[in-house]
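Biologist: Could you take me through this model? I should like to begin with a single residue and work outwards.

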Amino acid sequence: MIDFATYLELLDLVKASIAAAAVLGIVGGLIGVFVMQRDMAFAVHGISELSFAGAAGALLLGVNVAVGSLVGSLIAALIIGLLGARARDRNSIIGVLMPFGLGLGILFLALYPGRSGNKFGLLTGQIVSVNFEQLGLLIGISVLVLVALLIVWRPLTFDSLDPEVAAARGVPTRALALIFMVLLGLAVAVSVQVIGALLVMALLVTPAAAALRLSASPLLVPILSMGFGLVSAVGGILIALGGSLPISPFITTISFAIYIVARIVGQRVRVAP
Amino acid sequence: MIPALTVRNGTLSFADRTLWSDLDLEVAPGEFLAVLGSNGSGKTSLLRAILGQVPLDAGTIEVHGQPVHRGNRRIGIIPQQRLIMAGTPLRGRDLVTLGVNGHRFGLPITPKTDRDRVDALLASVGATGYADRPLGQLSGGEQQRLRVAQALADDPILLLCDEPLASLDLAHQSAVAELIDTRRREHDTAVIFVTHDINPILGTVDRILYLAEGRFTIGTPDEVLRSEVLSGLYGAPVEVIRSRGRIFVAGIPDAAHHEGEVA
């Protein structure tokens, strides 16, 4: 354990990381609402594996890892968006892409001669080791996703609920589905940097799933979900700083605990008249 | 008076199969047209052509005297009832709100005028009482009432109904059918109603368009729902049975599941 003064010093060092995690927590909670509505949890996992491959490739080539992660993410998101318009096609495409991406990533890491800490970080998170310049990029992307989501919110909700009626009423459903996949790809790429490819669902799925146990209000669900994402991401870092354990397990555990509580509370809300 | 829908010499094929050809159809304002036929006979494709989503292979199609185009806000659409995904954070009124402003991009804030419009629409279908309940907790009949309200958001001149009564119980079937009928009588809205089962709307329908085997026939229910007419259409013996005010069609070729079902 460390004393309080040391903790504050550490805190000062990772300020930027905490800011990045906070923004991601909010964006992850928000986009998670649509991930749930569009039944895309599996897609999140699939995209994250290709994002990992992209990041590992970038590491091997000695270029910006966050950019590599973005490229992998966007390629996966576009493939899933273009080929997987229908849910059944989508799942098989993701099932095919995912092991390929993970395999590619493992290959790149095996070829990478550098420190093993970097390798492990891509799978399980490394936010505190992300450099300042990259943190700026991550925050910038998160804000972009946040703003874009708010702009497409209504048509995207319509399309998620009832794509045929939405199309008939003038919603550009195909373009919207692709835009959503790109936004999801961006959010996943940022998450991979923060908590690692294997754990992105803790920020992109769990908070929204928890919020949906508590409410069906189109206003309250996104707000709760963003709050849960924020608490998980920032809380995880703050707790991890006090010890020597990695950050990710704290984020995933807080996120999971919130979900469990939401389930129990939600049950009582539902039973009540 | 400008017809709500005009199809002239319309031909539509899917892959290399002709769904229907040389279709001439005029639907007057306030008219209730039912579209019947087996699965794959081109019923839904007709709706998609009216919505401007699939082009005709030949002929012209106009809504209210204008060539069809995508996203025509004066067409209301009532789809089949379906299961709402568990993770849908919407209440009854939100379904109706989507009809009013669901196509608009921009910050998702619904202004007072839109909210008033939603309240009026909810009241017009008698859904005010459950407007604030989660969509996933509503019965099929309650959902369909909300979908009617959603379809009326822009005061449509043409209502397209795609099996809106399917999987509803009899009481809800007649309640929803009556809502649609009232709307067209009070506002002269033309209704095109695709259905497997003519019985819930038998007393309402003005004319029937019956599609089968790449052919079609149009007329009043009494003209179309006759053994010799449908046998001619299918090119095989088909029997129309009338029993206690209900109509059953038996012996439709290539569609075993239609046995016992209606029309």
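**A walk through the model**

Modeller: Leaving aside neighbours within four places in sequence, M85(B) is in contact with Q37(A) and D39(A). Please bear in mind that this is a predicted model.

Biologist: Where does M85(B) lie in chain B?

Modeller: M85(B) is in the loop between β6 (75-78) and α2 of chain B. The residue is partly exposed, with 15 other C-beta atoms within 10 Å. Its C-alpha atom is separated by 40 Å from that of V224(B), 139 residues apart along the chain.

Biologist: How many residues of chain A are in contact with chain B?

Modeller: There are 28 residues of chain A in contact with 26 residues of chain B. On the side of chain A that touches chain B, the elements giving two or more residues are α2 (15-37), α7 (132-161) and α8 (163-168) of chain A.

Biologist: Which of them gives the most?

Modeller: That is α7(A), with 9 residues. By class, this side of chain A has 18 nonpolar, 5 polar and 5 charged residues.

Biologist: Let us stay with α2(A). At what angle does α2(A) cross α11(A)?

Modeller: The two axes cross at roughly 70° and come within 7 Å. The helices are therefore roughly perpendicular to each other, and their crossing is right-handed.

Biologist: Which residues meet there?

Modeller: From α2(A), G28(A), G29(A), G32(A), V33(A), V35(A) and M36(A) meet P207(A), A208(A), A209(A) and L212(A) of α11(A). This contact has 7 nonpolar, 3 polar and no charged residues.

Biologist: Why is α11(A) described as largely enclosed?

Modeller: Helix α11 (residues 206-214) of chain A has 8 of its 9 residues buried, so the rest of the structure largely encloses it. The buried ones are T206(A), P207(A), A208(A), A209(A), A210(A), A211(A), L212(A) and R213(A).

Biologist: Now the core. Which residues touch the most other members of the largest nonpolar core?

Modeller: They are I31(A), V44(A), L184(A) and I192(B), in a core of 175 residues. Helix α9 (residues 173-195) of chain A gives the most to this core, with 13 residues.

Biologist: What does L184(A) touch?

Modeller: Not counting residues up to four places away in sequence, L184(A) touches I31(A), M40(A), V44(A), I47(A) and A77(A).

Biologist: A77(A) brings us to α4(A). How do α4(A) and α9(A) cross?

Modeller: The axes of helix α4 (residues 65-83) of chain A and α9(A) cross at roughly 150° and come within 8 Å. This crossing is right-handed. Among the residues making the contact are A66(A), L70(A), L74(A) and A77(A) of α4(A), and L178(A), M181(A), L184(A) and V188(A) of α9(A). The contact divides into 16 nonpolar, 5 polar and no charged residues.

Biologist: And in chain B, how do α2(B) and α3(B) pack?

Modeller: Helix α2 (residues 92-101) and helix α3 (residues 112-124) of chain B pack at an angle of about 120°, with their axes 9 Å apart. That makes α2(B) oblique to α3(B). The crossing of α2(B) and α3(B) is right-handed. The contact is formed by R93(B), V96(B), T97(B), V100(B) and N101(B) on α2(B), and by D114(B), R117(B), V118(B), L121(B) and L122(B) on α3(B).

Biologist: What classes of residue are in the contact of α2(B) with α3(B)?

Modeller: The residues divide into 5 nonpolar, 2 polar and 3 charged.

Biologist: On to the backbone. What is notable about phi of A15(B)?

Modeller: A15(B) has a positive phi of about 55°, although the residue is not a glycine. Most residues other than glycine have a negative phi. A15(B) is placed in the loop between β1 (5-14) and β2 (17-27) of chain B.

Biologist: What about phi of H64(B)?

Modeller: Phi of H64(B) is also positive, near 55°, and H64(B) is a residue other than glycine. H64(B) lies in the loop between β4 (58-63) and β5 (66-67) of chain B.

Biologist: Are A15(B) and H64(B) exposed or partly exposed?

Modeller: A15(B) is exposed, with 5 other C-beta atoms within 10 Å. H64(B) is partly exposed, with 17 such atoms within 10 Å.

Biologist: Finally, where is P113(A) found?

Modeller: P113(A) is in the loop between α5 (87-111) and α6 (116-124) of chain A. P113(A) is exposed, with 5 other C-beta atoms within 10 Å. The C-alpha atoms of P113(A) and L59(A), 54 residues apart along the chain, are separated by 9.8 Å.

Technical notes
Residues are numbered from 1 along each chain as its sequence is written. Chains are lettered from A and ligands numbered from 1 in the order in which they are written. This is a predicted model: local features need pLDDT of at least 70, side-chain atom pairs count only at pLDDT 80 or more; totals for chains, interfaces and linings use all residues. A residue is buried if 20 or more other C-beta atoms lie within 10 Å of its own, exposed if 12 or fewer, and partly exposed in between; C-beta atoms are placed from the backbone. Helices (H or I, at least four residues) and strands (E, at least two) are DSSP runs, numbered from the N terminus. Two residues are in contact if their C-beta atoms, placed from the backbone, lie within 7 Å. Ala, Val, Leu, Ile, Met, Phe, Trp, Tyr, Cys and Pro count as nonpolar, Asp, Glu, Lys and Arg as charged, and the others, Gly among them, as polar. Axes are lines fitted to C-alpha atoms, for helices over the stretch in contact, and angles run from 0 to 180 degrees between N-to-C directions. Angles under 35 degrees count as roughly parallel, over 145 as roughly antiparallel, 65 to 115 as roughly perpendicular and the rest as oblique. A crossing is left-handed if the near helix is turned anticlockwise from the far one by less than a right angle, and right-handed if clockwise. A nonpolar core is a set of buried Ala, Val, Leu, Ile, Met, Phe, Trp, Tyr and Cys residues joined through C-beta atoms within 7 Å.
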